[in-house]
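I opened a new structure today and kept notes as I went. The entries follow the order in which I looked things up.

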Amino acid sequence: MNMGKQIRLNAFDMNTAMHSAHGLWKHPASERHRYKDLRYWVELAQLLERGLFDALFLADVYGFYDVFRGNRDAALRDAVQVPVNDPSLIIPTMAYATEHLSFAVTIPTTYEPPYAHARRMSTLDHLTGGRVGWNIVTSFLPSAAKNFGLDQAVNHDRRYEVADEYMEVVYKLWEASWEEDAVVRDAVRGIYTDPSKVHEINHVGPYYNIPGPHLSEPSPQRTPVLYQAGTSAKGREFAAKHAECVFIDAHNYESLKFYVDDIRAKAASYGRKPEDVKVFMAINSIVGRTRAEAEEKFREYTALRSEDAPQVLYGGFSGIDLSTYDRSDSLSYFASDHGQAAVARFTTMSEKRMNVGEVIDEIVKIGGRSALLFGSAEEVADQMQAWVEKTGIDGFNLAHLVTPGSLKDIIDLVVPILQERGAYKTEYAKGTMREKLFGTGASRLPDRHPGAAFRRASAEKERSGT
């Protein structure tokens, strides 16, 4: 299968003992336990750069997955995203060890104050030379809410209302607070920064009152590349307004194409272009030199998988404790304050009505939450191209069952086939993360992006003297 559109690849990972390959921390080739070692991350970044990956996408979570059986024991036993460390702190070292690889980091709007967050992202953008993105999420775990001083998790839709104002604050800090030429470093006049070119933002809103100014001088991208990973109705609306890259879970062409088309159509309603939004699909992979080799790996991984861990994860994402149901029971959709897409997957978005036993069987399969690319390298390359061709996505966020082996298989076996077909780049484009995604000279948010309105408003106020 030959195709003109080039596929983009991110590695999907987390600064934790086990991300999403539950039970496979026991695999003898797994190096996941080295997640505390900076050399592990440097080696991973250099591997990804060898494979011409666009980015390392770092997930994160605040809190324990403790819905399943009403406690956190199963999460701890099977390393379900715990223990987990801060994802942002490993980025500068990986950037120093690479030249082109970009980094998307998950930081929630729910608990991280926007003023501190804006400085952290500007710092990362400076230190990486403009190779950083921010995955905007709203935190959903009740255990996190309690540890941040709240009685319970913030309501799902209200989280997005808070996030929308949060975005307004950070846009003002990144885009409007410091003029481009504020830092002059004039030793003769004794002026490092021209005070007249640094401005308060004076933001007053229902959730935030922040005078500013921003603490950091303008970074290469000013605003980091904006990722978003919500597929609920509120999440898609938020993504259409703000996101430049959207990260989606789906298990068939139809549901994925629905999300892709819906988000891009909504983006156009905000004055943006559909091509302003790149869409990445979550995927897992088992690749062999032959199909028989892939089948052998599948058997090997299945023998090590965990039965409880995927149910632990599903409980966190959905708010549903599957241990409280009989296998013959059916699930019904409800507007969960956890993740509404996780509830919809086996109810309104399911091709058939599934009982709880069938849901458990589905999520504990290897690949589980994500669709699975499986087979020989040629078959996996075909599958990648089919997903892109039939749904309009731009590429994949590749999780990995065995780290780093699963990624090495993609890089050594699949990437060369895609390159031969003209479906994968043979060298990196130059420039910042945003330029690599959207073209030379596109380091900053485009004028049609809602965040740019704050930049223009600031400039107009300056010119009019108000």
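**Aromatic rings.** I began with a rule for rings: Phe, Tyr and Trp rings pair if their centres lie within 6.5 Å. With that rule I found one aromatic cluster made of Phe-12, Phe-57, Tyr-227, Phe-247 and Phe-280. I noted that the model is a predicted one.

I then asked how many aromatic pairs the structure holds. The count is 18. I looked at Tyr-62 and Phe-148 among them. Their ring centres are 5.1 Å apart and their planes stand at 70°. Planes over 60 degrees apart count as edge-to-face, so this pair is edge-to-face. The two residues are 86 apart in the chain, and the pair links distant parts of it. I located Tyr-62 in the loop between strand E2 and helix H2. Phe-148 is in the loop between helix H5 and helix H6. I checked the accessibility of both. Tyr-62 is partly exposed at 25%, and Phe-148 is partly exposed at 40%.

Next I took Tyr-253 and Trp-387. This pair is edge-to-face too, with 4.7 Å from centre to centre and 70° between the planes. Tyr-253 belongs to helix H8 and Trp-387 to helix H13, 134 residues apart. Is Trp-387 buried or exposed? Its relative accessibility is 10%, so I wrote it down as buried. Tyr-253 comes out at 30% and is partly exposed.

**Whole chain.** I stepped back to the overall picture. The chain has 16 helices and 13 strands. I compared its radius of gyration with that of a compact globule. For 466 residues the globule would be near 23 Å, and the chain has 22 Å, which agrees. The C-alpha atoms fill a box of roughly 70 × 55 × 40 Å along the principal axes. Buried residues account for 57% of the 466. I also looked up contacts between residues at least 6 apart in sequence, and 76% of them join residues at least 24 apart. The accessible surface is about 19100 Å², and carbon and sulfur atoms hold 51% of it.

**Arg-264.** I found this residue in helix H8. At 15% relative accessible area it is buried. Which backbone oxygens does its side chain reach? I found the one of Gly-392 at 2.8 Å, and the one of Val-277 lies 3.0 Å from a polar atom of the side chain. Leaving out residues up to four places away in sequence, Arg-264 touches Pro-274, Val-277, Lys-278, Val-279, Gly-392 and Asp-394.

**Arg-291.** I turned to helix H9, where Arg-291 sits. It is partly exposed at 37%. Its side chain makes a polar contact of 3.4 Å with the side chain of Glu-379. Glu-379 is also on its list of touching residues, with Phe-374, Gly-375 and Ser-376, again not counting residues up to four places away in sequence. I checked one distance as well. The C-alpha atoms of Arg-291 and Ile-360 are 27 Å apart, with their positions 69 residues apart along the chain.

**Helix H12.** Ile-360 took me to this helix, which spans residues 356–364. I listed its buried residues: Val-356, Gly-357, Val-359, Ile-360, Ile-363 and Val-364. Down the helix axis they fall within an arc of 160°, so they line one face. I recalled that an α-helix has 3.6 residues a turn, so residues three or four places apart point the same way. Asn-355 caps the N-terminal end, with a side-chain oxygen 3.1 Å from the backbone nitrogen of Gly-357.

**Backbone oddities.** I reminded myself that most residues other than glycine have a negative phi, and most peptide bonds are trans. Then I looked for exceptions. The bond from Val-82 to Pro-83 is cis, with omega near 0°, and Pro-83 lies in the loop between H2 and helix H3. Gly-212 and Pro-213 are also joined by a cis bond, with omega about 0°. Pro-213 is in the loop between strands E8 and E9.

That loop also holds Arg-222, whose phi is positive, near 55°. Arg-222 is buried at 5%. Arg-185 has a positive phi as well, about 45°. I placed Arg-185 in strand E5 and noted it as exposed, at 61%.

Terms used: Residues numbered from 1 in each chain as written. Predicted model: local features only at pLDDT ≥ 70, side-chain atom pairs only at ≥ 80, totals over all residues. Heavy atoms only, no water. Buried < 20%, exposed > 50% of the residue type's maximum accessible area, 1.4 Å probe, protein only. Helix = DSSP H or I, 4+ residues; strand = E, 2+ residues; numbered from the N terminus. Arc of directions from axis to C-beta. Polar contact = N/O pair within 3.5 Å; in protein donor to acceptor, adjacent residues only side chain to side chain. Rg over C-alpha atoms; globule rule 2.2 N^0.38 Å. Contact = heavy atoms within 4.5 Å. Areas by Shrake-Rupley, 256 points an atom, 1.4 Å probe, with all protein chains shown as cover. Phe/Tyr/Trp six-rings, centres within 6.5 Å; stacked < 30°, edge-to-face > 60°.
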